[in-house]
Amino acid sequence: MKDKNEFEVIIIGGSYAGLSAAMALGRSLREVLIIDSGKPCNRQTPFAHNFITHDGKKPNEISASARKQVEKYPTIKFHNGIANKGIKTENSFKITTEKNETFSARKIIFSTGIKDIMPNLNGFSECWGISVIHCPYCHGYEFKKEKTGILGNGDYGFEFSKMISNLTKQLTLFTNGKSTLTNEQTEKLQKNNIKIVEKEIESLEHQNGHLNHILFKDNTKETIKAIYAKADFEQHSKLPMELGCELDDKGYINVDMLQKTNVDGLFACGDNTTFLRSIANAVAKGNVAGAIANRELIEEHFG
């Protein structure tokens, strides 16, 4: 290593995808810097599921164990901070943090995740990831056979109602206003004993993030244990776009099957690239990104 601020790969974001990429690179003797602020998007979620060998563990327990394993590789360094500027030079990239520290590398892996945008609904953000949930594979089993809701309308409300219908027979679709379901969708839901409630919601009443009731604007209530909902999002970091990475029509970073972006030398992996939002998927895609970044370095060395 020529300089303490020069690396072969910089990984921006040190959660599951970033740590997985780092392990692949560390095992290839690559000099790697991980820049991370220590605030993963699932920090409010009490338990992680549907990740083989780690089912039911706390998310921070999984990430702490992963970091401890990655730290065993001596060519990997960690830096606590937020990367907020980046430029492309002739043969590398320069990354600057909010504290004006500058690092350079030939390859960059963005595992920066996404930022959830909470709706203006009292109680929603406090329950997010606990009893207001987004994924039946990550959280659905824990609420099986319970009174469950879907907060949604139109195609989303219909499709998610179908998805959850095998987990509970006590299912209600809350459209939070006039239904935009088609007549055919409405008939199918009713045929499958899924209620549709069009009343506008005032708030979600909860105890430390665990739902008790939905309070409607007409002052009526409905008991509920969990509700599936879809939050809007934005990219957690603007750096990929500032360096030229393209987004798809949903707002995710465009990558190919090797986690390459449209910019040579830039990779992305994890939640910032896909709606398949799970620890298992983040780990898998991070492993690919690390391996392919290493492969590119090998090819460039051989000329």
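This passage describes a five-stranded sheet, a pair of packed helices and a buried arginine in a predicted model.

In the predicted model, five strands are arranged as an open sheet in the order E8-E15-E9-E10-E11, with parallel pairing. Strands E8 and E11, the latter spanning residues 195-197, stand at the edges and have a single partner strand each, so that one side of each is left without a neighbour in the sheet. Helix H5, formed by residues 154-164, packs on this sheet and touches E9, E10 and E15, its direction making about 155 degrees with that of E9.

Within the sheet, strand E15 (residues 226-229) pairs with strand E8 (residues 132-133) in the parallel sense over two bridges, and Ile 133 stands opposite Tyr 228 of E15. Strand E15 also pairs with strand E9 (residues 148-151), again in the parallel sense, over four bridges, with Leu 151 as the bridge partner of Ala 229. The side chains of E15 are divided between two directions, Ala 226 and Tyr 228 pointing one way and Ile 227 and Ala 229 the other, and all of these residues are buried. Towards the E11 edge, strand E10 (residues 171-174) is joined to E11 by three bridges, the two strands running parallel, and Leu 173 stands opposite Ile 196 in E11.

A separate feature is the packing of helix H1 (residues 16-26) with helix H8 (residues 279-302), whose axes come within 7 Å and cross at roughly 35 degrees; the crossing is right-handed. On the H1 side, the contact is made by Tyr 16, Ala 17, Ser 20, Ala 21, Ala 24 and Leu 25, whereas the residues contributed by H8 include Ile 279, Val 283, Gly 286, Gly 290 and Asn 294. By class, this contact comprises 10 nonpolar and five polar residues, and no charged residues.

Arg 30 lies in the loop between H1 and strand E2 (32-36). With a relative accessibility of 14%, Arg 30 falls under the 20% limit and therefore counts as buried. The side chain of Arg 30 makes a polar contact, at 2.7 Å, with the side chain of Asn 294, a residue of H8 that also takes part in the contact with H1. When neighbours within four places in sequence are left aside, Arg 30 is in contact with Glu 8, Leu 25, Thr 75, Asn 294, Leu 297 and Ile 298; Leu 25, like Asn 294, belongs to the contact between H1 and H8.

Key:
Residues are numbered from 1 along each chain as its sequence is written. This is a predicted model: local features need pLDDT of at least 70, side-chain atom pairs count only at pLDDT 80 or more; totals for chains, interfaces and linings use all residues. Side-chain values use heavy atoms; hydrogens and water are left out. Axes are lines fitted to C-alpha atoms, for helices over the stretch in contact, and angles run from 0 to 180 degrees between N-to-C directions. A crossing is left-handed if the near helix is turned anticlockwise from the far one by less than a right angle, and right-handed if clockwise. Contact means heavy atoms within 4.5 Å. Ala, Val, Leu, Ile, Met, Phe, Trp, Tyr, Cys and Pro count as nonpolar, Asp, Glu, Lys and Arg as charged, and the others, Gly among them, as polar. Buried means under 20% relative accessible area, exposed over 50%, partly exposed in between (1.4 Å probe, protein chains only). A polar contact is a pair of N or O atoms within 3.5 Å; within protein, one must be able to donate a hydrogen and the other to accept it, and residues adjacent in sequence count only if both atoms are side-chain atoms. Two strands pair if DSSP finds at least two bridges between them.
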